[in-house]
Amino acid sequence: MKVALGIGCDRGTPLVTLARAVDEALAVAGLQRGQVTGVGSITLKADEPALLALAAQAGWPLHFYPATQLAEVVVPHPSETVRRHTGTPSVSEAAALLAAGTTEASALWVEKHRLRGGDGRNATVSVARVMPRTAIPPCVANPDPARRFTASEREAVQSLMQVRRDMRHFSPGAQMGDDVRARLQSALLAAPSVGLMQPLRVLRITDPALRERLASTVDEERMRTAQALGPRAAEFLALKVEGLRECAELWALVLAPDDGTVFGRRNLASEMAWCSAGAAVQNLWLAARAENLGLGWVSLFEPADLHRLLALPEGAAPLGLLCIGPVDRFYEAPMLIQQQWRQARPAPAVFTENAWDPSWTTGGCATPEHLPQG
Ligand SMILES: Cc1cc2nc3c(=O)[nH]c(=O)nc-3n(C[C@H](O)[C@H](O)[C@H](O)COP(=O)(O)O)c2cc1C
């Protein structure tokens with residue numbers, strides 16, 4: 001994990017204070033100096049001796065941003081006092097984000113670490129994750145917003161939804177092209193979300209060691225799930241419930257820390273964020289199937305494990321591990337039906353008019369999962 005620092009300090013802050021503030025901020029996040037790719041600050045500080053000395057000592061490139069540019073970045077802790085003195089409500093947080101190549105506040109790992117030195121001068125350090133640069137171009141599609149769909153296109157969309165499957169068997173060693181990835185990303189970005197908050201974040205896992213650690217976490221949770229299923233434990237263990245080690249691409253889904261969107265979520269705030277994330281994944285699922293790729297949503301993991309392994313910030317919630325990639329063949333029906341784990345609900349068990357159907361409460365339509373089917 002690479003990070004960028006944002007630094008603000010009083011004029012004449014000694015090097016020792018600045019260096020201590022930086023080391024403390026890195027320690028808070030469990031980071032080393034070697035993980036820092038650069039330092040950002042305000043142009044006012046372009047001649048600040050301690051800042052220049054620290055960057056030179058550590059070999060960190062320095063980036064200075066004008067107050068107007070820093071002021072445009074939305075940060076968690078804007079300050080009126082800082083604005084009065086510098087012309088921007090944030091120096092360290094905004095500069096850390098810009099130096100990390102993002103304006104996404106959720107990239108802040110350490111929001112604001114303050115240190116008052118022995119001589120009374122203050123230094124503030126923020127730490128932001130460096131977002132991986134993607135070479136993927138935006139989606140080429142430039143759809144006509146007024147277009148009408150033909151009967152055969154409708155049929156294609158219906159058939160896409162019917163043959164979409166949750167896949168857990170992938171063709172080992174297969175790859176996925178950048179262009180395909182771009183179309184999948186574009187499908188995800190086109191999804192509806194409450195108040196347009198777009199709460200879902202995707203971490204593409206390219207580090208094989210990290211993939212293996214995630215797969216082990218899933219293995220552990222699979223055993224705990226089997227235990228929780230009691231009489232059906234052996235039957236559950238016979239199912240294939242993930243394809244983390246074989247799939248071409250592994251994407252970790254994370255719900256971003258709440259951005260405070262009120263529109264559409266004054267009530268049920270967290271539920272609406274979660275639903276929005278689900279809607280985005282469904283777009284992706286359908287887009288993957290249209291590319292003739294399999295996608296499997298894996299939710300068998302202990303959230304705290306993923307939080308730690310993915311170094312997520314406070315307030316972020318892991319939602320799933322998506323296995324995506326070419327498959328040798330698609331299942332003809334949901335695998336849980338094929339393997340007689342559970343039956344699907346028929347339409348009357350889902351649709352009714354005006355009022356709740358009392359038969360739904362008695363559970364007459366589907367056998368509970370923990371009981372043997374039949
Ligand atoms: C939120 C969510 C989490 C899921 N987690 C898992 C999982 O951990 N392992 C698994 O085998 N399937 C998982 N599934 C897949 C479902 O079991 C599957 O969608 C369902 O059985 C219907 O099959 P189909 O998607 O092929 O129609 C998940 C699906 C969703 C929507």
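**Exercise 1. The ligand shell.** Which residues are around the ligand, and how does the shell divide by class?

*Solution.* Keep in mind that you're working with a predicted model.

Step 1: List the residues. Around the ligand you'll find R165, D166, R168, V241, E242, W297, V298, S299, L300, G320, P334 and L336.

Step 2: Sort them. The shell has 6 nonpolar, 4 charged and 2 polar residues. Glycine goes with the polar group in this scheme.

**Exercise 2. The open sheet.** Work out the strand order of the sheet and find its edge strands.

*Solution.* Step 1: Read off the order. The open sheet is built from 5 strands, arranged β3-β2-β1-β5-β4, and the pairing is mixed.

Step 2: Look for strands that pair on one side only. Those are β3 (62–65) and β4, the edge strands.

Step 3: Check the twist. From one strand to the next, it averages 20 degrees.

Step 4: See what lies across the sheet. Helix α5 (residues 92–99) lies across β1, β2 (36–42), β3, β4 and β5, and runs at about 150 degrees to β1.

**Exercise 3. Zooming in on β5.** Describe how β5 pairs with β1 and with β4, then decide: is β5 largely enclosed or largely open?

*Solution.* Step 1: Start with β1. Strand β1 (residues 3–9) pairs with β5 in the antiparallel sense, over 7 bridges. One bridge to spot is the one between G6 and its partner S126 in β5.

Step 2: Turn to β4. Strand β4 (residues 108–116) is also antiparallel to β5, with 6 bridges. Find L108 opposite A128, then R116 opposite N122.

Step 3: Follow the chain between them. β4 and β5 make a hairpin with 5 residues in between, and G120 in the turn has a positive phi of about 90 degrees.

Step 4: Judge the burial. In strand β5 (residues 122–129), 7 of the 8 residues are buried, so the strand is largely enclosed by the rest of the structure.

**Exercise 4. Two helices meet.** What is the angle between α6 and α10, and which residues make the contact?

*Solution.* Step 1: Get the geometry. Helix α6 (residues 151–163) packs against helix α10 (residues 269–290) at an angle of about 105 degrees, and the axes are 10 Å apart.

Step 2: Name the arrangement. Angles of 65 to 115 degrees count as roughly perpendicular, so α6 and α10 are roughly perpendicular to each other.

Step 3: Find the contact residues. α6 brings L160, M161 and V163, while α10 brings L286, R289 and A290.

Step 4: Sort the contact by class. You get 5 nonpolar, 1 charged and no polar residues.

**Exercise 5. Two single residues.** Where do H63 and P326 sit, and is each one buried, exposed or partly exposed?

*Solution.* Step 1: Place H63. You'll find H63 in strand β3.

Step 2: Count around H63. There are 16 other C-beta atoms within 10 Å, so H63 is partly exposed. The cut-offs are 20 or more for buried and 12 or fewer for exposed.

Step 3: Find what H63 touches. Leaving out residues up to four places away in sequence, H63 touches G38, G40 and A99.

Step 4: Place P326. This proline is in the loop between β9 (317–325) and α12 (335–338).

Step 5: Count around P326. With 18 other C-beta atoms within 10 Å, P326 is partly exposed too.

Step 6: Find what P326 touches. Again leaving out residues up to four places away, P326 touches F170, S171, A174, A248 and L293.

Technical notes:
Residues numbered from 1 in each chain as written. Predicted model: local features only at pLDDT ≥ 70, side-chain atom pairs only at ≥ 80, totals over all residues. Helix = DSSP H or I, 4+ residues; strand = E, 2+ residues; numbered from the N terminus. Contact = placed C-beta atoms within 7 Å. Axes fitted to C-alpha atoms, helices over the stretch in contact; angles between N-to-C directions. Parallel < 35°, antiparallel > 145°, perpendicular 65-115°, else oblique. Pairing = 2+ DSSP bridges. Near = placed C-beta within 6 Å.
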